[in-house]
Amino acid sequence: MNDPYREANDNELYRRFSSGDTVAYTVLVDRHTDRFYGLAWRMCGQDQEAEDIVQDAFLKLWQNPKLFNPDKGVKFTTWFYRVVVNLSYDAGRKKKPQAAPEVLDFMADDAEATDEAMARKQVKTELEIAIQSLPERQRTALNLCFYEDLSNAEAAEIMGVGVKALESLLMRAKKGLKDILLREQRAKEAING
Amino acid sequence: MDDKELDALLSQRYAPQTPPGLKGRLKSIPAKYPRPDNVWQVMRAVFKDFMGTPVAGAALCASLALGVWTGMEVDVFTTLTDQELINFLTVETINEDWL
């Protein structure tokens, strides 16, 4: 039998949800939690903080359904990406500077111990630290375009900038990353003689 | 490092996994934070059963709804008069049309 909830698009679900339909809300949660948790994590690099950001976003959604109008031609996901990005900015401004190990949490329970696996982890760790050290808007542009599979136009809409400005942010992010990684490499070479 | 090398490196980035239990916690938000419009749904549903006895029914359904909404014991509200209930609802900025 067809399930009208599963077949409904996000904006249709939102219409139902905003008039109090909790099943529609549940379907939106099922459909999008992974995506928004992924973005929140990439924005902050920490499990607990990413979880808090996503919970805050869904709570905001639940408590203020009128914040989004599904009939204005904007996709629900575009709007909700913006909510998650803004909450990530807020969380980033509130938190104290983090020591590197906070970023390395994801390695903690990985049992692999071969040299090759350790080297891969090292690369991922250095990359994550480098990305987290980018200015927030550059990091957002990189996360949206590279990891969320969004077009530049969609990413620009989420960030509230023009496509050219988005491309400039992306370019600066990549240049910044290259500089950071090169500095790391030189520092390592200097230590190793 | 050229752009291709950087893109290859970026594609190796750690892929975060949604923590177990997060979806369940998100799904429980409506139960933990009932919205006024949900309270109204409860009130309407209860009120139907009390058609024909509007005063008693209205007071009871308002009590139940307030209990759901505020998380307080229902008994707290069943002892209030209709006017006290209305005052309470007004203070809590519930849409007066609902009354």
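**Rings up close in chain A**

**View 1. A buried ring pair, A:Tyr14 and A:Phe76.** Both of these residues are buried in this predicted model. How many aromatic pairs are there over all chains? The count comes to 18. A:Tyr14 and A:Phe76 make up one such pair, with 5.7 Å from centre to centre and 35 degrees between the planes, and this pair is classed as tilted. A:Tyr14 belongs to helix H2 (residues 10-18) of chain A and A:Phe76 to helix H5 (residues 76-94) of chain A, so their pairing ties together parts that sit 62 residues apart in sequence.

**View 2. A stacked pair, A:Phe68 with A:Trp79.** Here the ring centres are 5.0 Å apart and the planes differ by 25 degrees. Which parts of the chain does the pair link? A:Phe68 comes from the loop between helix H4 (47-63) and H5 of chain A, while A:Trp79 is in helix H5 of chain A, 11 residues apart. Stacked goes with planes under 30 degrees apart, so the 25 degrees between A:Phe68 and A:Trp79 puts this pair in that class. As for burial, A:Phe68 has a relative accessible area of 6%, which makes this residue buried. A:Trp79 has 12%, and is buried too.

**View 3. Zooming out to one aromatic cluster in chain A.** The rings from the two views above, A:Tyr14, A:Phe76, A:Phe68 and A:Trp79, are among the cluster's members. Joining them are A:Phe17, A:Tyr25, A:Phe36, A:Phe58, A:Trp62, A:Phe80 and A:Tyr81.

**View 4. Arginines over tyrosine faces.** Within chain A, A:Arg16 lies over the face of A:Tyr5, at 5.0 Å from the ring centre. Another example brings in chain B: which residue lies over the face of A:Tyr147? That is B:Arg13, placed at 4.9 Å from the ring centre.

**View 5. Chain A as the backdrop, with 10 helices and 0 strands.** Walk along from the N terminus and the elements read α-α-α-α-α-α-α-α-α-α. Of the 193 residues in chain A, 47% are buried. Now take the contacts in chain A with a separation of 6 or more: 61% of them are between residues 24 or more positions apart. As for the surface, chain A exposes about 10100 Å², and 51% of that is supplied by carbon and sulfur atoms.

Terms used: Residues are numbered from 1 along each chain as its sequence is written. Chains are lettered from A and ligands numbered from 1 in the order in which they are written. This is a predicted model: local features need pLDDT of at least 70, side-chain atom pairs count only at pLDDT 80 or more; totals for chains, interfaces and linings use all residues. Side-chain values use heavy atoms; hydrogens and water are left out. Rings of Phe, Tyr and Trp (its six-membered ring) pair if their centres lie within 6.5 Å; planes under 30 degrees apart count as stacked, over 60 as edge-to-face and the rest as tilted. Helices (H or I, at least four residues) and strands (E, at least two) are DSSP runs, numbered from the N terminus. Buried means under 20% relative accessible area, exposed over 50%, partly exposed in between (1.4 Å probe, protein chains only). A charge sits over a ring if NZ of Lys or CZ of Arg is within 6 Å of the ring centre and within 35 degrees of the ring normal. Contact means heavy atoms within 4.5 Å. Accessible areas come from the Shrake-Rupley method with a 1.4 Å probe; for residues, only the protein chains shown count as cover.
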